[in-house]
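Work through the following exercises with the sequence and the coordinates open, and try each task before reading its solution.

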Amino acid sequence: MRPIKACINLSALTFNLQSIKKIAKNSKVMAVLKANAYGHGLIESVKAIKNVEGIAILTIEEASKIRKAGYKNTILLLEGLFAAEEIYQAEKLNLNITLHNDRQIEFLDNVVLKNPVSVHLKINTGMNRLGFPPDQIDYLIENLNANPNVSDITLMTHFASADEKEGITKQLDCFNRITDNYNLSSSVANSAALYKFPESRLDWVRPGIMLYGASPFEDISAKKLDVKPVMSLVSEIIALQDLKTGQAVGYGNNFIAKKDMRIGIVACGYGDGYPRHAKTGTPILVDQKKTTTIGRVSMDMLYVDLSNNPNADIGSEVEMWGNNIPVDDVAKNSGTVGYELLCNVTASTRVPLEYEDG
Ligand SMILES: *Cc1c(COP(=O)(O)O)cnc(C)c1O
């Protein structure tokens, strides 16, 4: 077996939820577990945060697994129903469904449910991804109130720039102008908003990335947010090469040795979810010592500088990201965000998830 694996520290996930609860104060927390819990494993993650007030995912299939695991609180389908017949499963599983387009309203208009469902009505306040325009909301609420298939309504929106300078003011003002007229539950904050903007901590908050111990911000580290990395992507050195000055490494001869040096070949590549665009100089840990990657990442392997690790050998432990190397630092060196790196581990299917404290 290849030595690569993703170690999932579930007690860190539990810790991060507590950390978020402290920040969120009186808001209920809806843990966002889409994309297989950002690559960490859906059901294991549910078990680590089993008392959380709500869970948000995308599909009925995921919701069904979560109910089977014994979870009884709110489950929200973030994109609502994809097909009319899903309404019956949503009813049976007691799911909360997002309504963001006319077709989904029709699904609700055209059935007779024994048990009415809770809905999250999504308002497009400026991100222009999902949701109804603000000027339709009064009309929609009136109709939903009159719909016997609907038990209760939560109003929601999503921010485009909560993690950036622009912030949430324009979108939140737009949301509040509409929702001030109603006595309905509301939900707006992702991780970045709930951390930075107290005014966004409404009835619900919807943290994703912070649960997994990474940061939504370019300029604030996960450590500063008081969350701990949950996933450590680890592998081993499987070969050594001693380079002479001027010798090249890897595809495209992307790296040329400026001095005689030893390098290590690590069993981890873009086929495992490591970013191919990671630049020479991306931080990586070998035998508990920080060093950097060099050259171009291959499908199954990458290269590390061992100039300062004379004792490193075949079998030496390597951490691509985790407790010592923040996933956000690897992301920054690769022109992407921690979110993508964590999700890509699941997408690869070659990396077994190994649970600690499970
Ligand atoms: C993914 C998602 C979140 C969580 O965002 P983070 O930045 O990971 O905290 C919240 N709300 C919606 C609608 C989402 O799609």
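The exercises below concern a predicted model, and they move from the overall layout to pockets, cores and single residues.

**Exercise 1. Overall layout**

Task: Describe the secondary structure, the extent and the domain division of the protein.

Solution: Begin with the elements, of which there are 11 helices and 18 strands. Turning to extent, the C-alpha trace spans about 75 × 40 × 35 Å along its principal axes, and 53% of the 358 residues count as buried. Next, consider how contacts are distributed along the chain: among those with a separation of 6 or more, 63% are between residues 24 or more positions apart. Finally, the protein is divided into domain 1 (10-212) and domain 2 (231-356), whose centres, taken over C-alpha atoms, are separated by 37 Å. To the contact between them, domain 1 contributes 10 residues and domain 2 contributes 8 residues.

**Exercise 2. The largest pocket**

Task: Determine where the largest pocket lies with respect to the two domains, and state what lines it.

Solution: The volume comes to about 930 Å³, and the lining is made up of 41 residues, with His158, Asp163, Asn190, Pro216 and Tyr339 nearest the centre of the pocket. The elements giving two or more residues to this lining are helix 2 (34-38), helix 9 (191-196), helix 10 (327-332) and helix 11 (338-348). Because domain 1 (10-212) and domain 2 (231-356) both give residues to the lining, the largest pocket lies between them. Sorted by class, the lining of the largest pocket holds 20 nonpolar, 8 polar and 13 charged residues.

**Exercise 3. The second largest pocket and the cavity**

Task: Give the volume and the lining of the second largest pocket, and then do likewise for the largest cavity.

Solution: The second largest pocket has about 350 Å³ of volume, and 27 residues line it, of which Gly213, Ala222, Lys223, Pro229 and Pro326 are the closest to its centre. Helix 10 gives the most to this lining, namely 4 residues, while the class breakdown for the second largest pocket is 14 nonpolar, 6 polar and 7 charged residues. For enclosed space, the count is 1 cavity of 30 Å³ or more, and the largest cavity has a volume of about 60 Å³. Among the residues lining the largest cavity are Lys122, Asn124, Arg129, His158 and Gln171, and by class its lining has 3 nonpolar, 7 polar and 2 charged residues.

**Exercise 4. Nonpolar cores**

Task: Identify the residues with the most contacts inside the largest nonpolar core, and state which helix supplies the largest share.

Solution: The largest nonpolar core has 109 residues, and those with the most contacts inside it are Leu33, Leu121, Met320 and Trp321. Helix 1 (residues 10-24) supplies the largest share of this core, 7 residues, and at least three residues come from each of domain 1 (10-212) and domain 2 (231-356). A second, separate core has 9 residues, including Val249, Phe255, Ile263 and Ile294. Returning to Leu33, its contacts beyond four places in sequence include Leu42, Val46, Ile49, Ile57 and Tyr212.

**Exercise 5. The surroundings of Ala162**

Task: Is Ala162 buried or exposed, and which residues does it touch?

Solution: First locate Ala162, which is in the loop between strand 7 (150-156) and helix 8 (169-179). Its relative accessible area is 2%, and since buried means under 20%, Ala162 is buried. Leaving out residues up to four places away in sequence, Ala162 touches Gly167, Ile168, Asn190, Ala192, Ala193, Lys196, Phe197 and Phe217. Of these partners, Ala193 is 31 residues away in sequence, yet the C-alpha to C-alpha distance from Ala162 to Ala193 is 5.1 Å.

**Exercise 6. Positive phi values**

Task: Compare the settings of Ala35 and Gln288, two residues other than glycine with a positive phi.

Solution: As background, most residues other than glycine have a negative phi. In Ala35 phi is near 50 degrees, and in Gln288 phi is near 70 degrees. Ala35 lies in helix 2, whereas Gln288 is found in the loop between strand 14 (283-286) and strand 15 (289-294). As for accessibility, Ala35 counts as partly exposed because its relative accessibility is 37%, while Gln288, with a relative accessible area of 57%, is exposed.

Definitions and conventions. Residues numbered from 1 in each chain as written. Predicted model: local features only at pLDDT ≥ 70, side-chain atom pairs only at ≥ 80, totals over all residues. Heavy atoms only, no water. Buried < 20%, exposed > 50% of the residue type's maximum accessible area, 1.4 Å probe, protein only. Contact = heavy atoms within 4.5 Å. 1 Å grid on protein atoms, 1.4 Å probe; cavity = no way out; pocket = protein on both sides within 12 Å on 5 of 7 lines; lining within 4 Å. Points joined across faces, edges and corners; volume = space filled by probe spheres on them. Nonpolar A, V, L, I, M, F, W, Y, C, P; charged D, E, K, R; others polar. Domains from an automatic or database assignment. Core = buried A, V, L, I, M, F, W, Y, C linked by side-chain atoms within 4.5 Å.
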